[in-house]
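Thank you all for coming; I would like to walk through one model with you slowly, going from a pair of helices to a pair of chains and then to a single residue. Please keep the picture in view while I talk.

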There are 4 protein chains.
Amino acid sequence: MARPRSEDKRSAIMSAAIHVIASQGLGAPTATIAKEAGVSNGSLFNYFGTKADLLNQLYIELKSEMAAAALDGLPSEDDIRRQMLHVWSQWLSWATSFPEKRRALTHLGVLDDITVESRQIANNALSGISKLLERGRENGPMCNTPLEFIVSIVNAMADATIDFMINDPANADKHCTVSFDAIRRMLT
Amino acid sequence: MARPRSEDKRSAIMSAAIHVIASQGLGAPTATIAKEAGVSNGSLFNYFGTKADLLNQLYIELKSEMAAAALDGLPSEDDIRRQMLHVWSQWLSWATSFPEKRRALTHLGVLDDITVESRQIANNALSGISKLLERGRENGPMCNTPLEFIVSIVNAMADATIDFMINDPANADKHCTVSFDAIRRMLT
Amino acid sequence: MARPRSEDKRSAIMSAAIHVIASQGLGAPTATIAKEAGVSNGSLFNYFGTKADLLNQLYIELKSEMAAAALDGLPSEDDIRRQMLHVWSQWLSWATSFPEKRRALTHLGVLDDITVESRQIANNALSGISKLLERGRENGPMCNTPLEFIVSIVNAMADATIDFMINDPANADKHCTVSFDAIRRMLT
Amino acid sequence: MARPRSEDKRSAIMSAAIHVIASQGLGAPTATIAKEAGVSNGSLFNYFGTKADLLNQLYIELKSEMAAAALDGLPSEDDIRRQMLHVWSQWLSWATSFPEKRRALTHLGVLDDITVESRQIANNALSGISKLLERGRENGPMCNTPLEFIVSIVNAMADATIDFMINDPANADKHCTVSFDAIRRMLT
DNA sequence: TATGAATGAGGATTCATTCAT
DNA sequence: AATGAATGAATCCTCATTCAT
């Protein structure tokens with residue numbers, strides 16, 4: 001029985017990666033990430049076989065965390081509008097509360113090395129949000145549009161909104177509301 | 001450096017960069033771009049002092065071209081809805097007609113090396129579109145929202161729509177219309 | 001370190017090393033050898049203080065096994081020619097029967113890390129063969145040549161012959177005989 | 001017109017490689033070779049795409065040089081014995097005169113990265129010697145043995161002899177003669 | 001004693017940029 | 001001005017060896 005592989009260390013590397021990628025981009029050396037995590041250069045490769053591997057897992061984890069945050073405490077018995085607002089608020093709130101995670105996620109999203117599998121897993125994590133949108137657009141003008149298309153658009157709007165909330169925190173709530181209402185007009 | 005003798009060569013490098021970046025991403029070596037342009041490795045640095053320099057100029061040029069394409073033949077005497085539809089169609093049409101340019105632009109958009117000046121210049125090129133949106137949202141529910149916010153959102157929707165048009169060309173026109181109508185509902 | 005508890009494990013490592021080195025060469029990681037032996041990475045260093053140490057012991061063991069195989073069942077009362085043929089046949093037979101051992105031995109033979117002591121020990125193991133050669137060249141044209149020189153040459157011829165036997169198994173016996181006769185002509 | 005790729009530099013790298021490999025083995029870092037050649041780390045890769053590439057070219061060059069040395073000044077009108085002795089002497093003389101080249105060649109010979117093409121090219125360079133052996137074994141006891149087998153054996157004997165000549169230079173000539181006579185007995 | 005996680009030096013290769021021709 | 005060879009810092013990953021458990 002040797003030293004067990006420590007979950008702490010794994011997540012230290014993940015956290016370090018978030019921080020370093022947020023500030024230096026995806027070109028950040030693995031060595032920098034390792035040092036930030038307080039771990040040796042080689043140890044990083046005990047936990048992640050490859051830099052791309054680390055990046056993929058990070059992508060999945062962040063997307064999942066984001067989805068979980070958005071769906072947390074969903075008031076299932078409320079009407080659909082209330083539920084959507086809840087999700088939308090929490091989604092944007094998560095992104096503005098953890099700007100580094102959000103920034104890292106933005107970088108990761110355009111990385112070619114993120115595999116299709118990773119993207120699928122991430123999308124599955126978002127299925128709760130998709131279902132909500134499915135109900136939200138029922139009987140509306142976009143009821144025949146492919147759901148993925150709507151998900152994409154809403155995603156894009158979230159990104160744009162988050163940018164504005166971060167750059168203009170004083171009016172963050174207002175931006176959040178404005179874009180939510182815009183989405184409602186789109187869908188209903 | 002950066003003292004172009006032949007405009008032909010400069011644009012050959014630009015074109016090569018689009019092609020190479022579209023297929024290999026921003027990590028593509030300058031040497032590859034130079035070769036694709038039929039120009040020597042060193043020559044590239046006579047036209048662009050730095051790789052970042054080349055990338056910035058490319059970013060500006062592509063954004064400008066996109067804006068020009070969108071505004072080309074604008075029916076100024078038509079009503080605002082007509083004009084917006086015209087711009088929207090041309091915009092998406094440009095992106096789907098030149099997928100490499102669009103892809104390169106997507107890559108460039110997230111690059112840290114794109115300076116604020118470059119982004120401003122690019123935004124200026126988009127001012128024609130902004131003005132149209134300004135008129136388009138007049139008296140509507142978003143009349144008090146910062147215009148840039150609306151530009152951002154519309155931009156994001158364009159990106160999302162383009163992705164769908166490229167992946168599902170058979171229904172490209174429908175996607176174009178659907179998202180245009182969605183924007184109209186948002187703004188009016 | 002190098003304090004074996006179980007002889008089984010030691011020889012499992014040795015066998016694994018033969019297999020791994022034969023297929024991957026001397027650059028093979030100790031971890032690979034350990035895994036192949038069904039032993040932990042660290043355990044290997046309980047049995048052999050160093051990779052070089054393992055390699056040296058393996059070298060000695062293989063050379064000794066080869067010599068033992070060659071001399072096994074030596075018909076001591078037969079005439080010298082018969083005895084030499086016996087040894088020669090068994091030698092080559094061992095090499096072709098255990099191609100991995102032979103291949104590993106070839107790799108090890110050129111390794112700088114094999115110490116002079118190891119080489120001497122290995123040579124001692126070959127003394128039975130040397131003695132036979134000593135008698136075999138008596139009164140012949142090479143009776144005044146340093147015995148080691150003759151041993152070297154015969155060794156080299158064995159290597160060359162083995163290569164041919166392995167590559168052309170159909171004629172293995174013929175190659176064996178041909179080279180034996182050649183040696184006889186050299187020595188008598 | 002840029003600085004032309006210099007043949008001098010290429011051969012400086014080759015020479016450095018010989019020296020470094022002879023003393024450190026094939027594990028020698030390319031950086032060491034480059035430094036020894038008075039060339040930058042990266043420059044080495046302008047001349048040789050890969051370490052394996054360098055090693056292959058070195059192998060071919062050394063084998064060819066060895067063959068050329070052996071065949072240099074061949075007395076074509078002399079009888080076959082004389083010619084063979086000439087070749088044999090020059091061969092061994094080259095090896096003992098350039099011990100580093102010979103040592104490097106020994107290392108290279110067992111390297112897995114040497115391609116079959118390289119080995120073929122090298123063998124072609126040795127064809128002059130093969131032809132001589134072909135004539136030398138005519139009508140002798142090995143006239144029906146595959147020629148390559150004989151080449152192999154002679155090669156192996158050369159190696160063994162060279163070792164002895166280097167370790168016991170005082171008797172180098174004697175060793176040369178002794179093994180030549182041994183070969184003659186083998187073949188005739 | 002056995003395990004396998006931790007370490008960190010080391011090494012091949014890439015690439016933006018410079019500079020001799 | 002154009003070329004492409006030269007440079008060397010930078011980076012990912014490997015692996016023998018150590019050591020906590």
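In this predicted model, the residues C:Ile18, C:His19, C:Ile21 and C:Ala22 of helix α1(C) meet C:Glu100, C:Lys101, C:Arg103, C:Ala104 and C:His107 of helix α6(C). Sorted by class, that contact between α1(C) and α6(C) is made up of 4 nonpolar, 2 polar and 3 charged residues.

How do we describe such a pair? Two packed helices are described by the angle between their axes and by the distance between those axes. Here α1, residues 7–24 of chain C, packs with α6, residues 99–109 of chain C, at an angle of about 70°, and their axes lie 8 Å apart. Because angles from 65 to 115 degrees count as roughly perpendicular, α1(C) is roughly perpendicular to α6(C). The crossing of α1(C) and α6(C) is left-handed.

Let me turn to chains A and B. A turn of 179°, with a shift of 0.1 Å along the axis, lays chain A on chain B with an RMSD of 0.2 Å, and the two copies are therefore related as by a two-fold rotation axis. The same surface serves both copies, since 92% of the contact residues of chain A recur in chain B.

Finally, a single residue: A:Glu65 sits in helix α4 of chain A, residues 51–71, and is partly exposed, with a relative accessible area of 28%. Leaving aside its neighbours within four places in sequence, A:Glu65 is in contact with A:Trp94 and A:Lys101. The C-alpha atoms of A:Glu65 and A:Ala122 are separated by 9.9 Å, although these residues are 57 residues apart along the chain.

Key: Residues are numbered from 1 along each chain as its sequence is written. Chains are lettered from A and ligands numbered from 1 in the order in which they are written. This is a predicted model: local features need pLDDT of at least 70, side-chain atom pairs count only at pLDDT 80 or more; totals for chains, interfaces and linings use all residues. Side-chain values use heavy atoms; hydrogens and water are left out. Axes are lines fitted to C-alpha atoms, for helices over the stretch in contact, and angles run from 0 to 180 degrees between N-to-C directions. Helices (H or I, at least four residues) and strands (E, at least two) are DSSP runs, numbered from the N terminus. Angles under 35 degrees count as roughly parallel, over 145 as roughly antiparallel, 65 to 115 as roughly perpendicular and the rest as oblique. A crossing is left-handed if the near helix is turned anticlockwise from the far one by less than a right angle, and right-handed if clockwise. Contact means heavy atoms within 4.5 Å. Ala, Val, Leu, Ile, Met, Phe, Trp, Tyr, Cys and Pro count as nonpolar, Asp, Glu, Lys and Arg as charged, and the others, Gly among them, as polar. Copies are superposed by least squares on the C-alpha atoms of residues with pLDDT of at least 70 in both. Buried means under 20% relative accessible area, exposed over 50%, partly exposed in between (1.4 Å probe, protein chains only).
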